[in-house]
Amino acid sequence: MGLAALRSAWLAVGGACATLDEASLDAAQRASAAAWEDNPRCNTAVSQDATEGGLGLCMSEPAASFVARAELKQRLVEDKVAVAWSDFHSKAKPGSLRPPPYTFVQQDLGAAEVAEQIQADCAPLSEMRLPEVTWDGEASAGIALSSLIQDAVVLVRGAVPASERNWLDDARRYLLQKAAQPSAEFTEYVHLSKHRHHLRLHASEHPLVERLWRTLAQRTGSVLLPVVSQLGAVVEFAAFITNPGAAGQKLHSDSGNTFSPQQAPLYSAFLFLSDLDDASMGPLQVVPRTHAISTKRDQIRWAVQALAKAGADARCLDHWKLLPIRAGDMGMYDSSALHRGTANTGNRPRVVVYMSMLGVGELPFGSTFAIDTRLLDSPQRLENLLSSVNASPSGGSLRTSEL
């Protein structure tokens, strides 16, 4: 069933999620996710190879189609979305403040020796705790941003208050239904894909997705405006479903060093639609202070990667898993920081919706941009998003001309 048919089927029952059997939806989406095979060619294939055929599938999408779509996304980001540092004043509204420069800071020459010391004694890592803030509007947005700048990560409690839990439950059921009937129209490849779903979203597909879009845009935009500016734009909007049996990913970064003095920052925000009580459900893990602007980046990265390889997670690294989580909490991180999806050894899926925003400057290396290309062809700039969200009544429609 394609996306249009899925939407029609959902609307035919009036969007009444409570009347649907969530257990059946869950079983169906688990079965489809169990069928995925990890295809390394999806991460390494190039156009001339893809056209030869025989490369297999990138989840539900032929490899050739995946590569063509990846190239299209890259062109759209480069040509329509990205704003060069030198072009800021010509593209921004008069009087707009240019954001601070973002670049990979030079590291201490003794970083390797410090990394070895940290490996021998995990105490310095144990003292680095994940910062948390309870959402309360503008004041909490400022605290969250300070944590992102210093630590690369922040856990925002109650980004969607408990009083609004019902619609988050409905949104989770909608995503389970979508994943139960996957299509190349909306599936996005993800490394170690078996038992995982990665679903591109668009606000126009369903009112619940529109509300997720609006919520993430408002919360994320409020935090990030000072560092990405009004010209910052959405470059990812998708959902992850991590099912029991999903393997743990390796620690990695989503954006690398371009060796530019004005690199564009990239930040991601994960809105959790499932409760996570313990580590068995495969929580997100982010290593603090391993981001581009950290003066301790290399020493911590080298130590952590060595410890992870040696199997010292429980002793030294597990305290960076985002736990416990209640639906409506939100995790934000700098995409240049080390992070990973951990193994789901429990009996329930972990469901999240996420949004990534790109700032001003040279495009970072290595980003894949999981997004419906319509949202790149008509760039979703932060200035327009915030004005539209703020003008929209709670629970109402998002009024943007681009959607």
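How many of the residues of S6 are buried? In this predicted model, 10 of the 10 residues of strand S6 are buried, and the strand is accordingly described as mostly covered. The surroundings of S6 are set out below, beginning with the sheet to which the strand belongs.

The sheet is open and consists of seven strands with mixed pairing, arranged in the order S3-S4-S9-S7-S11-S6-S5. Strand S3 (132-134) and S5 occupy the edges; each has a single partner strand, so one side of each lacks a neighbour within the sheet. From one strand to the next, the twist averages 20°.

Within this order, S6 is placed between S11 and S5. Its pairing with S11 is antiparallel and extends over nine bridges. Two positions illustrate the register of S6 and S11: Ala239 lies opposite Val353 in S11, and Phe240 has Val352 of S11 as its bridge partner. Towards the edge of the sheet, S5 and S6 also run antiparallel and are joined by five bridges. In that pairing, Arg200 faces Ala238 in S6.

A second covered strand of the sheet is S9 (residues 330-334). Five of its five residues are buried, so S9 is largely enclosed by the rest of the structure. The burial concerns both faces of the strand: Met330, Met332 and Asp334 are buried on one side, and Gly331 and Tyr333 are buried on the other. S9 stands between S4 and S7 in the sheet order. With strand S4 (residues 153-157), S9 forms an antiparallel pairing of four bridges, in which Val156 is set opposite Met330. With S7, S9 again pairs in the antiparallel sense, here over five bridges, and Ser268 is set opposite Tyr333.

Aromatic contacts were examined next. The structure contains six aromatic pairs. One of them joins Trp213 and Phe237 in an edge-to-face arrangement, with a centre-to-centre distance of 5.0 Å and an angle of 75° between the planes. This pair connects distant parts of the chain, as Trp213 belongs to helix H11 (residues 207-228) and Phe237 to strand S6, with the two positions 24 residues apart. Trp213 has a relative accessible area of 0% and is therefore buried. Phe237 is likewise buried, with a relative accessible area of 0%. In addition, Phe240, Phe270, Tyr333 and Tyr354 form one aromatic cluster. Two members of this cluster have already appeared in the account of the sheet: Phe240 is the bridge partner of Val352 in S11, and Tyr333 of S9 stands opposite Ser268.

The open space of the structure was then considered. The largest pocket encloses about 1200 Å³. Its lining comprises 41 residues, of which Asn43, Tyr189, Asp254, Gly366 and Thr368 lie nearest the centre. Both helices and strands contribute two or more residues to this lining, namely helix H3 (41-44), helix H5 (63-81), strand S5 (196-200), strand S6 (233-242), strand S7 (266-272), strand S10 (339-341) and strand S11 (350-358). Helix H5 provides the largest share, with six residues. In terms of residue class, the lining includes 17 nonpolar, 15 polar and nine charged residues.

Enclosed space was treated separately. One cavity of 30 Å³ or more is found in a search of the whole structure, and the largest cavity has a volume of about 30 Å³. The residues lining the largest cavity are Val81, Ala82, Val83, Leu231, Ala233, Leu358, Gly359 and Arg381. By class, six of these residues are nonpolar, one is polar and one is charged.

Val81, which is among the residues lining the cavity, also takes part in a contact between positions remote in sequence. The C-alpha atoms of Val81 and Pro379 are separated by 5.6 Å, although the two residues are 298 positions apart along the chain. Pro379 is located in the loop between helix H14 (374-377) and helix H15 (382-391). Its relative accessibility of 18% falls under the 20% cut-off, and Pro379 therefore counts as buried.

Definitions and conventions:
Residues are numbered from 1 along each chain as its sequence is written. This is a predicted model: local features need pLDDT of at least 70, side-chain atom pairs count only at pLDDT 80 or more; totals for chains, interfaces and linings use all residues. Side-chain values use heavy atoms; hydrogens and water are left out. On a 1 Å grid over the protein atoms alone, a cavity is a set of points where a 1.4 Å probe fits but cannot get out, and a pocket is an open set with protein on both sides within 12 Å along at least five of seven lines; lining residues have an atom within 4 Å of a point. Grid points are joined across faces, edges and corners, and a volume is the space filled by probe spheres set on the points. Ala, Val, Leu, Ile, Met, Phe, Trp, Tyr, Cys and Pro count as nonpolar, Asp, Glu, Lys and Arg as charged, and the others, Gly among them, as polar. Two strands pair if DSSP finds at least two bridges between them. Axes are lines fitted to C-alpha atoms, for helices over the stretch in contact, and angles run from 0 to 180 degrees between N-to-C directions. Rings of Phe, Tyr and Trp (its six-membered ring) pair if their centres lie within 6.5 Å; planes under 30 degrees apart count as stacked, over 60 as edge-to-face and the rest as tilted. Buried means under 20% relative accessible area, exposed over 50%, partly exposed in between (1.4 Å probe, protein chains only).
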